[in-house]
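The exercises that follow ask for a careful reading of one model, with a worked solution after each task. Please keep the sequence and the coordinates at hand while working through them.

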Amino acid sequence: MNSRPVWNRGWYRFAHAMASPNFGPRPPDTGIDLVVIHAISLPPGTYGGACVQEFFTNRLDHSAHPYFETLRDLKVSAHFFIKRGGELMQFVSCDDRAWHAGESSHAGRSNCNDFSIGIELEGLDGDTFTGDQYESLNALLPMLAQQYPLKHICGHEHIAPGRKKDPGDGFSWAFLKTSTGWDDEFFSVK
Ligand SMILES: [Zn+2]
C-alpha cells in the first residue's frame, strides 16, 4: 500500500511536479480562498510541445519563435497547468505564492497572487477546451477545496478586466457549476 498523502506541503500527489523558481512566500496569515482559471499556449494557439513548461521554469529558448522574444524578461508561473489531453502538472506549491495574476483585484482586494491558486489550461481565449481538461479540473477542484478555505473561483479576465481575456468565452462556467455543485456565490465570473 502506498500511503503517500494526497497533499504534501502544498504539492498535489496526482500532479506531475516540475518545480518553478518563480514563486515567493504568501503574506503571513493569508487565507487561500480564490481559484483563478487561465488559458495559455506558446506560441498562442499552438498546442502540444513543452514551451509552456519551459516558460514557467525559465528555460524557454527565446530565439525559437518571434513571439517568444516578447516574453524574454518575464518571470511567471502558475500552480497548475492542464494540457489538452488532461495531463496535470504542478509548478509551485499551493502554500506558496505563484506569479500568474499580475496586477489584479477581486472583491476589493488587490494582488490576487497573494491569496489565490492559479490554474492554467492549455488553450487560448476564443477557443474551446477539451473534455479531458474539464475532467482533470473537476478532479482537482474538490481536492483543493478540501485542503484550502476556498470561497471563490473566477477567470483571469475577471480580476484583470481590460488587460486580460483568458480563459475567454470558450470556457464553460456553466459546465463547471454543474460538475462541482458549488453554489452561484462561489463563481465571481461577471
Ligand atoms: Zn491568465
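**Exercise 1. Two asparagines in loops**

Is Asn-58 buried, exposed or partly exposed, and how many other C-beta atoms lie within 10 Å?

Solution. Two conventions come first. The model is a predicted one, in which local features need pLDDT of at least 70 and side-chain atom pairs count only at pLDDT 80 or more, while totals for chains, interfaces and linings use all residues. Residues are numbered from 1 along each chain as its sequence is written.

Step 1: a residue is called buried if 20 or more other C-beta atoms lie within 10 Å of its own, exposed if 12 or fewer do, and partly exposed in between, with C-beta atoms placed from the backbone. Asn-58 has 13 other C-beta atoms within 10 Å, and therefore is partly exposed.

Step 2: Asn-58 sits in the loop between H1 and helix H2 (66-69), where helices (H or I, at least four residues) and strands (E, at least two) are DSSP runs numbered from the N terminus. Its backbone has phi near 60°, a positive value in a residue other than glycine.

Step 3: Asn-111 can be treated in the same manner, since with 15 C-beta neighbours inside 10 Å this residue counts as partly exposed. Asn-111 belongs to the loop between strand S10 (109-110) and S11, and its phi is positive, about 55°, although it is not a glycine.

**Exercise 2. Cis peptide bonds**

Determine where Pro-43 and Pro-167 are placed, and describe the peptide bond that leads into each.

Solution. Step 1: Pro-43 is in the loop between S5 and H1, and the bond that joins Leu-42 to Pro-43 is cis, with omega near -15°.

Step 2: Pro-167 is in the loop between helix H4 (156-159) and H5, and the bond from Asp-166 to Pro-167 is also cis, with omega near 5°.

Step 3: Gly-170 is likewise found in the loop between H4 and H5, and counts as partly exposed because it has 15 C-beta neighbours inside 10 Å. Leaving out residues up to four places away in sequence, Gly-170 touches Gly-126, Asp-127, Thr-128 and Phe-129, where contact requires C-beta atoms, placed from the backbone, to lie within 7 Å. From Gly-170 to Phe-129 the C-alpha to C-alpha separation is 6.9 Å, although the two are 41 residues apart in sequence.

**Exercise 3. The largest nonpolar core**

Which members of the largest nonpolar core touch the most other members, and which element supplies its largest share?

Solution. Step 1: a nonpolar core is a set of buried Ala, Val, Leu, Ile, Met, Phe, Trp, Tyr and Cys residues joined through C-beta atoms within 7 Å. The largest such core has 39 residues, of which Val-35, Val-36, Ile-37, Val-52, Ala-78 and Ile-119 touch the most other members.

Step 2: at least two residues of this core come from each of strand S5 (34-40), helix H1 (51-56), strand S6 (80-82), strand S11 (116-122), H3 and strand S12 (152-155). S5 contributes the largest share, six residues.

Step 3: for Ala-78, the contacts beyond four places in sequence are His-38, Phe-56, Phe-91, Ala-98, His-100, Gly-118, Ile-119 and Glu-120.

**Exercise 4. The packing of H3 and H5**

At what angle do the axes of H3 and H5 cross, and which residues make the contact?

Solution. Step 1: two packed helices are described by the angle between their axes and the distance between the axes. Axes here are lines fitted to C-alpha atoms, for helices over the stretch in contact, with angles running from 0 to 180 degrees between N-to-C directions.

Step 2: the axes of helix H3 (residues 131-147) and helix H5 (residues 173-180) come within 10 Å and cross at roughly 45°. H3 is therefore oblique to H5, given that angles under 35 degrees count as roughly parallel, over 145 as roughly antiparallel, 65 to 115 as roughly perpendicular and the rest as oblique.

Step 3: Tyr-134, Asn-138 and Leu-141 of H3 make the contact with Phe-175, Ser-179 and Thr-180 of H5.

Definitions and conventions:
Two residues are in contact if their C-beta atoms, placed from the backbone, lie within 7 Å.
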